[in-house]
Amino acid sequence: MPDVPAPPPVPPPVPVPDRDGDPLAAVTGALHGLGRGLDGLSIAELIWLAATAGQHDPAASAPTAPGAPAPDAAADPGPGAVDARERIGRRPGLGVYGPSAPGGASLPAREMSVPRGTALPRARELARALRPLRRVWPAGRSARLDVGETVAGYARSGELLPAFRPAPERWFDLTVVLDRSATMAVWQDTGAELLKVLASTGAFRTLRVREAASWPPVAATGPGTGAGTGAAGLGYAGAPSPRPRRLVLVFSDCVSGAGGERAFWDRLRGWAAAAPTVLVNPLPSRIWRHSGLDLPAVRVTPPGAPGARNPALRFAVPPLAEQAYGPSEDAPSGGHRDAWLPLPVVGLTPRAVSRWARTLMRGDPDGCEAVLLPGPGLTGPVPAAPDERPADATQLAEAFLRRASTPAVRLAVLCSAYPQLYTGLLHVIRQELVPEASAADLAEMVVGGLFLVEAQEAGTGAGAALGGPVLRFREGVRAHLAPRLGARDALRTREVLTRFVAAHAAAPGRFPALVPDAAGGAGIAPELEPFARASDRTLRDLGAGAASGSASLASRVVLSATGWVERSPSRPYFFLSYAHTPRLGSHATDSNRWVKRFYRDLCDEVSALVNLPAGAAVGFMDDQMEAGEGWAERLSDVLSTCRVLVPLYSPRYFTSESCGKEWYAFAQRSVFQRARDDEPVQAVVPAVWVPVPPGQMPRPAQQLHFDSSSFGERYATDGLYGLIQLRGYPDEYRGVVNQLAVRIVGVAESTRIESDGAVDYRRAPSAFRSHAQAEESLRIAVVAPTLHDLSQGRDPRYYGASPDRWNPYQPESRRPLVDVATDLAFHLNDQVDASTLDAEVARVERSDPSTGPLVLLVDPWALSVPRLRSALIALREAREPGTVVLVASNRRDEQSHAARTSLLDALYSVLPAQWYGPHGHLSESIRGLNTLEEFGAAVPRAVEDAYAAYLDRTLTDPPPDAPAGPPPQRPRLREPGSTPEPE
């Protein structure tokens with residue numbers, strides 16, 4: 001028997017220090033102990049497989065189906081099983097759940113509170129709408145010295161006797177009456193924020209808050225009540241004043257409780273008879289008649305005097321109201337019209353509030369909306385008996401989708417990701433994902449029949465900590481809305497809420513939540529799903545401390561990888577950008593039907609030229625979006641991932657704001673890609689829908705090398721619209737579509753543009769709107785040291801032989817910063833000229849006028865160079881209009897991070913407040929734009945501010961001998977890499 005060679009000895013494990021539980025050291029030591037030759041790819045695969053095995057453990061991550069029995073945590077899990085409490089400790093991030101109902105809890109958790117969103121959209125606009133109420137009452141209750149009368153008296157008598165006169169004051173004392181009925185619990189936070197707005201406007205002399213159920217309907221008068229003021233603040237000694245000083249604002253939805261009782265209307269009538277009274281209803285006006293506010297609607301106009309009581313408002317009783325409301329048998333004799341009392345009703349919109357305020361102060365002859373309160377002698381129609389039949393979920397959902405506004409449908413679809421919502425979470429979703437939604441849109445979703453509103457009882461979980469209702473979807477409604485919620489929107493909702501919780505840890509407003517914790521005393525119900533994820537740092541920022549256990553390195557790696565894959569499930573080959581043709585009159589035919597046909601034909605041609613898997617996106621056209629899908633969010637996602645932009649040229653295209661935003665958003669990706677690779681990027685394939693003269697094209701379109709005659713003479717003269725309309729040229733049309741598809745595929749395969757997610761359609765400016773005049777070109781200059789005059793110890797890798805070689809964002813960017821800024825400004829359709837700091841100083845010394853706005857790209861280290869510091873001071877002393885600064889710094893520059901305090905002090909000592917932008921858009925740029933994406937987002941705002949200041953120079957220029965303004969208020973320092981504060 002031949003000898004078998006002995007196997008080679010296995011090398012002993014390489015000892016690796018623990019490094020205080022460093023997961024990287026632990027993983028490295030374990031892999032070295034395998035005794036195999038592993039390269040980097042093999043190690044990554046082992047980490048991924050290990051993390052995937054733990055991450056997709058059904059018992060660890062999959063939620064129990066609703067209605068299924070919860071697993072018993074105390075039961076014996078069997079040999080080799082992992083206890084639930086150990087799984088919690090190993091998870092890379094903790095899910096943040098809404099309030100949980102008692103019983104059936106399967107996962108141990110602990111209570112915490114997370115920041116809430118604003119419950120009152122457009123609060124600033126609402127405050128501005130109250131400006132008419134800031135009118136002053138000339139004869140106030142306090143007195144002030146009358147200087148003129150005092151001097152005149154001294155001249156007459158020779159004795160100095162002070163004379164006083166009443167001091168003006170605000171017109172109204174405001175009383176806010178809050179409805180505390182059951183349905184108003186949903187609007188508790190909205191009412192609280194409304195009170196803050198009313199208190200901060202300065203429009204009222206005093207502000208008091210009363211309860212609707214406890215405040216008396218008519219103020220009593222008598223001894224001790226004060227002159228002209230009753231116990232409730234509305235009574236008057238003798239007849240009521242035609243211009244009372246008390247204003248009553250009632251906040252109620254008129255659905256249940258005080259809003260549905262006869263006593264409430266009696267109180268409301270008493271208040272309206274004694275003082276100006278308005279009803280603020282959070283529900284949309286089109287559903288008022290379906291609530292307790294089913295009263296005759298009229299339009300009231302102001303009387304002859306401002307601030308008059310409600311009976312003085314002018315109105316006409318509708319004929320149907322005269323027929324429906326007849327006098328009762330015991331009604332006193334008198335005029336039928338005198339029994340009606342008008343009550344202005346406004347929604348929580350700036351327009352409605354402004355119209356009422358102007359009507360009250362006699363500033364709007366058109367008046368405002370109101371309802372008529374019937375008097376005691378009138379009997380109204382008998383209300384129909386409520387329908388007791390159970391509501392069908394499908395019918396409710398379909399009725400809501402057909403009748404609700406677009407923002408309300410969008411909110412409902414996004415909320416369908418969760419079986420229940422606390423009202424605080426609902427406000428966050430509205431604020432972060434549907435900012436265009438108003439309070440009426442949110443109310444329309446809440447009262448649309450999709451939810452069951454349940455109050456949190458004491459001791460029933462985290463919701464009891466702060467009170468407030470929980471909105472639970474009716475059975476079957478989520479299943480009907482779920483198909484409208486795409487995977488992209490579901491993932492983006494989770495990411496946005498996670499970032500909001502982490503970025504607003506110090507916000508004062510809170511709502512209750514639960515996080516898994518092995519040592520927690522609460523429990524998470526099996527059917528709940530997390531709405532966000534909280535890292536250990538987020539928990540510490542929230543003051544809750546870190547959860548038990550730690551996440552493994554493998555779990556962190558696999559989460560970041562899978563997150564990237566889910567964010568970019570597919571990349572469309574092209575994005576069709578076209579100008580919508582509006583319909584004329586009542587013509588029912590779709591005016592964009594020919595564009596849709598061209599899009600389908602182009603998709604077919606591209607599909608035939610490439611090998612795409614089934615279901616992959618070929619192109620994108622905005623008519624593919626469904627109801628409830630976010631318009632701006634979807635456009636941002638597609639513009640961030642598409643490979644080619646196909647603009648459909650027409651005269652209407654280059655005047656369209658949305659088309660210009662689409663062009664710039666895609667062009668911004670090209671600029672960033674060129675900055676990374678330092679190679680030209682051109683991924684725009686134009687198509688002529690209607691021929692456009694070259695002189696009518698903006699500069700970004702003129703720059704493209706595009707010869708339409710190469711596609712055929714008929715295409716150059718008539719465009720695609722002519723070819724598709726003329727039946728005699730089908731071959732020419734198909735040939736043009738095929739050539740466009742070939743060019744799209746060729747550009748998509750040869751051009752590389754990364755999908756970095758830096759596109760935000762909502763904030764993108766239009767590439768077709770130009771500020772420049774013939775003699776007014778934008779100038780860009782760099783204020784940065786060179787390699788020859790760097791301060792001692794400064795890292796030289798960001799600098800070059802001249803200032804314009806300054807590149808603060810390397811190695812991410814390989815191009816100088818001035819080249820990136822010039823490309824971005826050019827895509828804004830602006831004429832851009834390169835300048836230098838020395839040239840600007842020399843021009844100022846020669847007293848030559850500025851030829852246009854100026855944008856200075858400033859390195860914080862430039863002020864440590866005496867020559868550059870003196871040059872900036874010289875520009876500051878010239879006080880030329882239209883100068884804006886952008887301060888760029890790299891978040892990876894540890895040297896700048898360590899010296900940030902001294903650098904900011906130097907900047908604030910030299911740069912004037914006017915250089916930060918007249919509109920205040922660039923208040924954060926002085927703290928440093930830490931990434932290339934932040935810099936790219938700030939350039940359009942800098943250009944806008946520079947042109948605004950330059951074109952308004954005749955109004956904003958101070959006289960030559962005016963002293964310099966005070967230095968700007970210093971903002972809070974922001975760490976490099978942190979989330980910028982919202983503007």
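Me: Two strands pair if DSSP finds at least two bridges between them; in this predicted model, what makes strand β26 and β27 a pair?

Reply: Strand β26, residues 778-783, and β27 are joined over three bridges, and the definition asks for at least two, so the two strands count as paired. They run in the parallel sense, and you can look for L778 standing opposite V832 in β27.

Me: What makes β27 and β29 the edge strands of their sheet?

Reply: The four strands form an open sheet in the order β27-β26-β28-β29, with parallel pairing. The strands β27 (832-834) and β29 (883-887) each pair on one side only, and they are the edges for that reason. From one strand to the next, the twist averages 25 degrees. Helix α31, residues 932-951, packs on this sheet and touches β26, β28 and β29.

Me: Why can the direction of helix α31 be called roughly antiparallel to that of β29?

Reply: The two directions make about 165 degrees, and angles over 145 count as roughly antiparallel, so the term applies here.

Me: How do you know that β13 pairs with both β10 and β14?

Reply: Strand β10 (residues 277-280) and β13 share two bridges in the parallel sense, which is enough because the definition asks for at least two. One matching pair is V280 with its bridge partner V346 in β13. Strand β14 (residues 368-373) joins β13 over four bridges in the antiparallel sense, and P342 stands opposite L372 there.

Me: What makes β13 a mostly covered strand?

Reply: Buried means under 20% relative accessible area, and six of the six residues of β13 are buried. Both faces are covered, with L341, L343 and V345 on one side and P342, P344 and V346 on the other. Helix α10, residues 350-360, is mostly covered too, since eight of its 11 residues are buried, among them R355 and W356.

Me: Why is α12 called oblique to α13?

Reply: Helix α12 (residues 406-415) and helix α13 (residues 423-433) pack at an angle of about 120 degrees, with their axes 11 Å apart. Roughly perpendicular covers 65 to 115 and roughly antiparallel begins over 145, so this angle belongs to the rest, called oblique.

Me: Which residues make the contact between α12 and α13, and what are their classes?

Reply: From α12 come L411, L414 and C415, and from α13 come L426, I429, R430 and L433. By class, the contact has six nonpolar, no polar and one charged residues; Arg counts as charged, so the charged one is R430.

Key. Residues numbered from 1 in each chain as written. Predicted model: local features only at pLDDT ≥ 70, side-chain atom pairs only at ≥ 80, totals over all residues. Heavy atoms only, no water. Axes fitted to C-alpha atoms, helices over the stretch in contact; angles between N-to-C directions. Contact = heavy atoms within 4.5 Å. Buried < 20%, exposed > 50% of the residue type's maximum accessible area, 1.4 Å probe, protein only.
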